[in-house]
There are 2 protein chains.
Amino acid sequence: MAGRAAVPEVIWARPERTGRGPKPAFTRADIAAAAVRIADADGLDGVTMRHVATELGCGTMSLYNYVPRKEDLYELMIDAIGAEHEMFEPTGDWRADMLRNAEETRAIMHRHTWVPRLMPGVFGFSPNTLRYLEHCLACLEPLDVPAGTKTELIALLNGVVTTYTGNEIATAERARSMPWTAEEENAVRMAYLGSQIATGAYPRMTAAFMEQSGPVDLEAVFRRALERVLDAFDPESR
Amino acid sequence: MAGRAAVPEVIWARPERTGRGPKPAFTRADIAAAAVRIADADGLDGVTMRHVATELGCGTMSLYNYVPRKEDLYELMIDAIGAEHEMFEPTGDWRADMLRNAEETRAIMHRHTWVPRLMPGVFGFSPNTLRYLEHCLACLEPLDVPAGTKTELIALLNGVVTTYTGNEIATAERARSMPWTAEEENAVRMAYLGSQIATGAYPRMTAAFMEQSGPVDLEAVFRRALERVLDAFDPESR
DNA sequence: AGCGCACTACGTACGCTGTACGTAACTAGG
DNA sequence: CCTAGTTACGTACAGCGTACGTAGTGCGCT
């Protein structure tokens with residue numbers, strides 16, 4: 001009977017161990033760690049079921065006993081990364097605390113450059129995600145707004161961090177992974193952009209480009225964006 | 001001779017037509033349209049080189065004459081979508097205009113649900129992207145801040161739109177594409193979440209969950225986020 | 001005018017992916 | 001103790017992006 005019930009799978013809802021049968025050779029943590037190691041070294045595309053299995057020293061298909069779908073492997077990876085968050089004692093200054101959280105998330109992403117690419121697909125509510133949410137809510141304790149507004153602040157901030165850091169990383173990776181140098185690519189881009197600007201079809205953009213001198217400081221842009229978002233929720237700033 | 005020069009490729013910098021040889025059977029627009037049609041019908045995973053070629057009625061490898069890498073096909077798709085933006089005459093109310101732009105972007109993404117998944121990887125500066133940027137700058141003419149701040153406003157707003165709409169879509173798609181109903185999945189999730197909450201490890205999250213009654217109105221959340229971001233740039237609101 | 005070459009077209013083939021399925025070994029619960 | 005539910009894993013399949021080779025086409029130059 002009953003063939004495999006096509007039951008909704010949330011990997012966190014499935015027990016890691018069910019008693020019957022031989023002892024599993026690995027824990028979820030083992031598997032997540034192996035996948036993270038590979039992703040850090042070879043990039044996200046290096047994370048294949050075969051590769052992870054070899055890293056663990058088991059057959060490819062054995063992995064499917066632990067991780068029903070590859071997508072769940074991603075979920076494990078994101079959760080593993082969540083453990084790197086330092087859940088510090090809130091200081092009472094919610095702005096400073098949230099800024100620190102954001103900066104730390106950015107640092108984690110720079111350590112694990114594949115995280116931003118994975119974030120959108122992951123639904124969340126992994127154990128460590130829950131712990132991080134709880135931590136953020138603790139930091140926001142001094143902020144006198146409804147709980148719903150707080151979760152919206154957290155969501156907006158996390159979204160901005162992911163988007164901006166993802167951009168930083170994409171820009172850097174493109175340079176690294178391509179068979180040409182960043183200068184070459186930039187030259188071609190600028191040439192193209194220059195040719196477009198020369199058409200006169202984009203006067204305002206042209207002006208904006210002219211106004212800026214020197215390369216963009218992506219980190220400064222990131223910081224300013226954070227401040228803006230925090231401003232938008234700060235009763236003191238309006 | 002000279003083997004293929006490993007020159008930086010930006011598809012927009014490469015001329016569509018070079019004079020010599022037989023006439024190309026398709027334009028870039030044809031190819032982009034075919035790919036968009038497939039993505040709309042079968043999802044982004046349906047967009048394979050083979051599938052697009054068949055849709056166009058040519059051999060798979062012929063496509064590579066027009067599109068050197070699959071990544072460039074994505075770039076074409078994003079550009080094609082950009083043409084759907086209505087470049088209306090700015091009204092003089094930059095807030096209202098930018099709100100309209102954001103809502104329209106969201107509508108486009110709901111028509112082409114694969115767009116958010118594609119956005120992060122695309123570097124931009126396609127013709128239609130440039131036109132849209134120029135349009136946004138025109139809408140921001142009445143706003144009295146440096147040009148750099150305007151581009152940062154545009155970037156932040158676009159990022160928020162993509163993130164939030166991407167979330168809306170992911171939530172909806174998960175329900176559609178899985179072999180179980182949304183109710184079933186939700187039930188499992190809530191059961192899991194409930195079990196986590198029951199542990200008492202997440203008191204603040206529990207409170208936040210209890211406070212809200214009824215399902216979340218994602219669109220309302222989206223609108224509130226937009227208003228927050230606009231507030232953060234509005235000299236009148238501080 | 002006509003030659004040569006850059007271009008289009010496309011079939012074949014390779015290495016890789018996720019994973020369905022079948023079989024053998026193992027162990028805890030009834 | 002038996003048996004049912006696990007774990008382990010080799011094999012196999014359909015599908016992917018794309019490198020490469022070959023054949024045909026027509027513009028630009030001499």
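Helix α2 of chain A, spanning residues 49-56, gives the most to the surface near DNA strand C, contributing 3 residues. This is a predicted model, in which 50 residues of chain B are in contact with 50 residues of chain A, and in which a rotation of 180 degrees superposes chain B on chain A. The points below take up the two DNA strands, the pairing of the chains, the makeup of chain A, and some local detail in chain B.

**Surfaces near the DNA**

- DNA strand C is surrounded by 23 residues, of which the closest are Thr48(A), Gly21(B), Ala25(B), Gly59(B) and Met61(B).
- Sorted by class, the surface near DNA strand C holds 8 nonpolar, 10 polar and 5 charged residues.
- Around DNA strand D there are likewise 23 residues, and here the closest are Gly21(A), Ala25(A), Gly59(A), Met61(A) and Thr48(B).
- On the surface near DNA strand D, the largest share is the 3 residues that come from helix α2 of chain B, residues 49-56, and the residues of this surface divide into 8 nonpolar, 10 polar and 5 charged.

**Pairing of chains A and B**

- Between the two chains, 50 residues of chain B are in contact with 50 residues of chain A, and the elements that give two or more residues to the chain B side are α6 (127-139), α7 (147-177), α8 (182-198), α9 (203-211) and α10 (218-233) of chain B.
- Of the side of chain B that touches chain A, the largest share comes from α7(B), with 10 residues, while by class the residues of this side comprise 30 nonpolar, 8 polar and 12 charged.
- Chain B is superposed on chain A by a rotation of 180 degrees with 0.0 Å of shift along its axis, at an RMSD of 0.0 Å, and the two copies are therefore related as by a two-fold rotation axis.
- Both copies use the same surface for this pairing, as 100% of the contact residues of chain B recur in chain A.

**Makeup of chain A**

- Chain A has a secondary structure of 10 helices and 0 strands, so that from the N terminus on its elements run α-α-α-α-α-α-α-α-α-α.- Of the 238 residues of chain A, 30% count as buried.
- Among the contacts in chain A with a separation of 6 or more, 68% are accounted for by residues 24 or more positions apart.

**Local detail in chain B**

- Helix α1 (residues 28-42) and helix α3 (residues 70-82) of chain B pack with their axes 9 Å apart and at an angle of about 85 degrees, which means that α1(B) is roughly perpendicular to α3(B).
- On the α1(B) side, this contact is made by Arg28(B), Ile31(B), Ala32(B), Ala33(B), Ala35(B), Val36(B) and Ala39(B), and on the α3(B) side by Leu73(B), Leu76(B), Met77(B), Asp79(B), Ala80(B) and Ile81(B).
- By class, the residues of the contact of α1(B) with α3(B) are 11 nonpolar, no polar and 2 charged.
- Glu103(B) has its place in helix α4 of chain B, residues 94-111, and counts as partly exposed because 15 C-beta neighbours lie inside 10 Å.
- Although Glu103(B) and Arg223(B) are 120 residues apart along the chain, their C-alpha atoms are separated by 8.7 Å.

Methods:
Residues are numbered from 1 along each chain as its sequence is written. Chains are lettered from A and ligands numbered from 1 in the order in which they are written. This is a predicted model: local features need pLDDT of at least 70, side-chain atom pairs count only at pLDDT 80 or more; totals for chains, interfaces and linings use all residues. Helices (H or I, at least four residues) and strands (E, at least two) are DSSP runs, numbered from the N terminus. A residue is buried if 20 or more other C-beta atoms lie within 10 Å of its own, exposed if 12 or fewer, and partly exposed in between; C-beta atoms are placed from the backbone. A residue is near a molecule or strand if its C-beta atom, placed from the backbone, lies within 6 Å of it. Ala, Val, Leu, Ile, Met, Phe, Trp, Tyr, Cys and Pro count as nonpolar, Asp, Glu, Lys and Arg as charged, and the others, Gly among them, as polar. Axes are lines fitted to C-alpha atoms, for helices over the stretch in contact, and angles run from 0 to 180 degrees between N-to-C directions. Angles under 35 degrees count as roughly parallel, over 145 as roughly antiparallel, 65 to 115 as roughly perpendicular and the rest as oblique. Two residues are in contact if their C-beta atoms, placed from the backbone, lie within 7 Å. Copies are superposed by least squares on the C-alpha atoms of residues with pLDDT of at least 70 in both.
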